[in-house]
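Student: I am new to this structure. Please take one part and look at it closely with me.

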Amino acid sequence: MRDINIGEELTHDYATIDGGAIKYEIPCNCGAPTCRGTISSGDWKKKEVQDKNKGYFATYIQKKIDGKLFESRPPALTKKSA
Ligand SMILES: [Zn+2]
């Protein structure tokens, strides 16, 4: 992280807020020298992304990284008995 200048365009790393509920992979045009080239729904799982953004992840993603939050699954469908 760094100070920004007035009028400077801001970009954001979606890996810090997106835990991958919807799968995607798209090219990134942020122009940063450290750009990964593509962003995907699983970027938060990458060690280098975790190291770069340490302390800036959404709480629920940080819990996933720390192994304190597990993927939730919809309840199994059960056949109703009459
Ligand atoms: Zn980028």
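Tutor: What follows starts with the whole chain, then turns to one cysteine and two residues for comparison.

This is a predicted model. The mean pLDDT of the chain is 87. A score of at least 70 is reached by 84% of the residues. Among the elements, strand 1, residues 25–27, has the highest mean pLDDT, at 95. Helix 2, residues 59–65, has the lowest, at 93.

Next, the layout. There are two helices and two strands in the chain. Along the sequence they follow the pattern β-β-α-α. The chain has 82 residues, and buried ones make up 7% of them. Now take the contacts with a separation of 6 or more. Of these, 38% join residues 24 or more positions apart.

Now the close look, at Cys28. Where does Cys28 sit? Its place is the loop between strand 1 and strand 2, the latter spanning 38–40. Is Cys28 buried, exposed or partly exposed? Count the C-beta neighbours inside 10 Å: there are 16. A residue needs 20 or more to be buried, and 12 or fewer to be exposed. Cys28 has 16, so Cys28 counts as partly exposed.

Which residues does Cys28 touch, leaving out those up to four places away in sequence? They are Cys35, Arg36, Gly37, Thr38 and Ile39. Look back along the chain as well. Asp13 is 15 residues from Cys28 in sequence. Their C-alpha atoms are separated by 9.9 Å.

His12 offers a second view. This residue is found in the segment before strand 1. His12 has 8 C-beta neighbours inside 10 Å, so His12 counts as exposed. Its partner for a distance check is Cys30, 18 residues apart along the chain. The C-alpha atoms of His12 and Cys30 are separated by 8.6 Å.

Last comes Lys47. Lys47 lies in helix 1, which covers residues 47–52. Lys47 is exposed because it has 8 other C-beta atoms within 10 Å. Ile65 is 18 residues from Lys47 along the chain. The C-alpha atoms of Lys47 and Ile65 are separated by 9.7 Å.

To gather the threads: Cys28 is partly exposed, His12 is exposed, and Lys47 is exposed. Cys28 is in a loop, His12 is in the segment before strand 1, and Lys47 is in helix 1.

Key:
Residues numbered from 1 in each chain as written. Predicted model: local features only at pLDDT ≥ 70, side-chain atom pairs only at ≥ 80, totals over all residues. pLDDT = per-residue confidence, 0-100. Helix = DSSP H or I, 4+ residues; strand = E, 2+ residues; numbered from the N terminus. Contact = placed C-beta atoms within 7 Å.
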